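I opened my notebook to go through this protein piece by piece. Here is what I looked up, in the order I got to it.

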Amino acid sequence: MGFALGGAAAQSNLRIGLAEDPDVLDPTLARTYVGRIVFASICDKLFDIDEKLNVVPQLATAHETSADGKTVTLKLRSGVKFHDGEPFDAAAAKYSLERHLNMKGSFRRPELASIESIDVVDPATIKLNLKEPFSPLLAQLTDRAGMMVSPKAAEAAGDKFGLKPVCAGPYRFVERVQQDRIVVEKFADYWNKDQVFIDRITYLPITDSTVRLANLRSGSLDMIERVLATDIKTVRDNPKLRLVTAVELGYQGLTINLSNGPKADTPLAKDARVRQAFELSIDREALNQVVFNGEFVVGNQWINPTNPYYQQAFPVPKRDVAKAKALLKEAGVTGRMSLDFMVPNNPETRQVAEVLQSMVAETGFDLKIRVTEFATSLKQSESGEYQLYLIGWSGRSDPDGNSYIFQVCGQPQNNSGYCDKEVDAWHNEARIKSDPAERKKIYEKITARYLPQGSIKYLYHRRVLVALSDKVDGYKQMPDGLIRVVGVKLK
């Protein structure tokens, strides 16, 4: 390869700056958002999403759900190869899904829990037999749960598969140096190779966003993800750079500890009127202006206002200090209320916390900000060591993925201990219905109950901010924030 570098055969290399180093590159065991960005080049999925969140074909070309909703039949793309040359077929699809379901330590198991069994109908067809109808299933298959792995490579590697993943994506894994780089190379036998124009991609984790941007400006990176909102102007003013954005699928908000351990013993936890007073003390638009130069999108629900499931009947509430004080009086709250406010350690989050602190102080809430390392804060939220927690969720394309695990009694992300059996029943009903209009009506009931009484106050939705050099052509941003490389060219 060395001798060709001077001539026309020089290899094109797309260098992408990541905000963190991903965790294990095994789609069954992986947990991080940044890992999903890398998987977008190496592991194709059964389905993908488009800009409007429609489910579109990838390794599966068609799907059919039976009248009772309990059988989903998938037609698979023919002529697909894994990176080790093994064929992708119904047996491989069954293997991959069963690995997600059964492997020790799998994070995909809850996402696919509705599947009872999988039948190979013929080499190009599989049948998923469900325990009960589950409308978000196809949306789950547009993410890691739908990623297909080579059975031969996975069997040989066992739990070490993540050190050298073998999938069916446009790029094959070459090497990884922890905290330094991940290198992938164009796969010659990719099913859609006519749309793959770049020879190799190098992912470089650079946690400091200022340093990431400096590397892009100097030309040592071609693309970076998670630009700071305060750096948007710098990128826009630079003729050599371009910014692409999409409103995130998830949300940023405040989780209130309602019943998880002794710290939940507060009027805020015990009385919904106090929680409403707290919310009425907040001016979301002012928060957006002060911290993010007005670049983010204010919201009050678990999906953003551009989402088809957003409930227009429940608009973002305006700040109303007089009404907040009246509600506190009605709830018998006198004097100032001191609250332990856990805040993950990063500059933007700390600033949000300080703005909130000064807003709610006017109505009598005294927030004691406790800056905590991110992973530690997650552990402490699980064990109830907080009264208020500033935390978001990166979001899923189906609204169920933003609400069920937080709002249903005893669910894995319900660290606040909110529990309402009627809300649970509605959530389960929304999972059984497949008609979006019917589902939206059920979510309207959940919204009406949860917004005033629930444990999460939704505040705003970030923009996915990806900056790229003017040498990069053909890049489109999807709302899930991932960097898809098919169709991208390097001038």
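Before looking at sheets I needed one rule: two strands count as paired if DSSP finds at least two bridges between them. I also noted that this is a predicted model.

**Entry 1: the four-stranded sheet**

I began with β4 and strand β5 (residues 71-76), which pair in the antiparallel sense over five bridges. I looked up one bridge in particular: E64 has T73 in β5 as its partner. Then I traced the whole sheet, an open one of four strands in the order β4-β5-β7-β6, with antiparallel pairing. Which strands stand at the edges? I found β4 (60-65) and β6 (115-122) there, each with a single partner strand, so one side of each has no neighbour in the sheet. The twist from one strand to the next averages 20 degrees.

Next I checked what packs on this sheet, and found helix α2 (residues 90-102), which touches β5, β6 and β7 (125-130). The direction of α2 makes about 170 degrees with that of β6.

A reminder to myself for reading strands: in a regular strand the side chains alternate between the two faces of the sheet.

**Entry 2: the six-stranded sheet**

I moved on to an open sheet of six strands, ordered β14-β18-β13-β17-β15-β16, where the pairing is mixed. Its edge strands are β14 (297-298) and β16 (365-372), and each pairs on one side only.

I spent some time on strand β17 (residues 388-393). Five of its six residues are buried, so β17 is largely enclosed by the rest of the structure. Strand β13 (residues 251-256) runs antiparallel to β17, and six bridges join them. Strand β15 (residues 337-344) runs parallel to β17, with two bridges between them. I looked for the partners of Y389: T255 is bridged to Y389, and M342 is bridged to Y389 as well.

I also followed β13 to β18: four bridges join these strands, which run antiparallel. One bridge there matches Q252 with Y460 in β18.

What lies across this sheet? I found α8 lying across β13, β15, β16, β17 and β18, and running at about 80 degrees to β16.

**Entry 3: the nonpolar cores**

I wanted to know which residues have the most contacts inside the largest nonpolar core. They are F278 and F365, in a core of 65 residues. Helix α11 (residues 347-361) gives the largest share of this core, six residues. I listed what F365 touches, leaving aside its neighbours within four places in sequence, and the contacts include L268, V274, F278, L328, M337 and V360. S281 and R336 are also among the contacts of F365. Apart from this core lies another one of 41 residues, among them A30, A153, Y171 and I182.

**Entry 4: helix α15**

Helix α15 (residues 436-453) has 18 residues. I checked its span: 25 Å from its first C-alpha to its last, close to the 26 Å expected at 1.5 Å a residue. Which residues of α15 are buried? I wrote down R439, I442, Y443, I446, T447, Y450 and L451. Their cover includes α8 (272-280), α13 (400-407), α14 (421-432) and β18 (456-461).

**Entry 5: the disulfides**

How many disulfides did I find? The count comes to two.

One is C43 with C167, sulfur atoms 2.1 Å apart. The torsion about this S-S bond is about 55 degrees, so the disulfide is right-handed. C43 sits in the loop between α1 (33-42) and β2 (47-49), and C167 in the loop between α4 (151-157) and β8 (171-177), so I noted a link between distant parts of the chain, 124 residues apart. Buried or exposed? C43 has a relative accessible area of 2%, so I call it buried, and C167 is buried too, at 0%.

The other is C409 with C419, sulfur atoms 2.0 Å apart. Its torsion is about 100 degrees, so this disulfide is right-handed. C409 and C419 both sit in the loop between α13 and α14, 10 residues apart. C409 counts as buried at 17% relative accessibility, because buried means under 20%. C419 counts as partly exposed, at 46%.

Last note: with bonded cysteines counted along the chain, the disulfides follow the pattern 1-2, 3-4.

Notes. Residues numbered from 1 in each chain as written. Predicted model: local features only at pLDDT ≥ 70, side-chain atom pairs only at ≥ 80, totals over all residues. Heavy atoms only, no water. Expected span 1.5 Å × (residues − 1). Buried < 20%, exposed > 50% of the residue type's maximum accessible area, 1.4 Å probe, protein only. Contact = heavy atoms within 4.5 Å. Axes fitted to C-alpha atoms, helices over the stretch in contact; angles between N-to-C directions. Core = buried A, V, L, I, M, F, W, Y, C linked by side-chain atoms within 4.5 Å. Disulfide = S-S within 2.5 Å.
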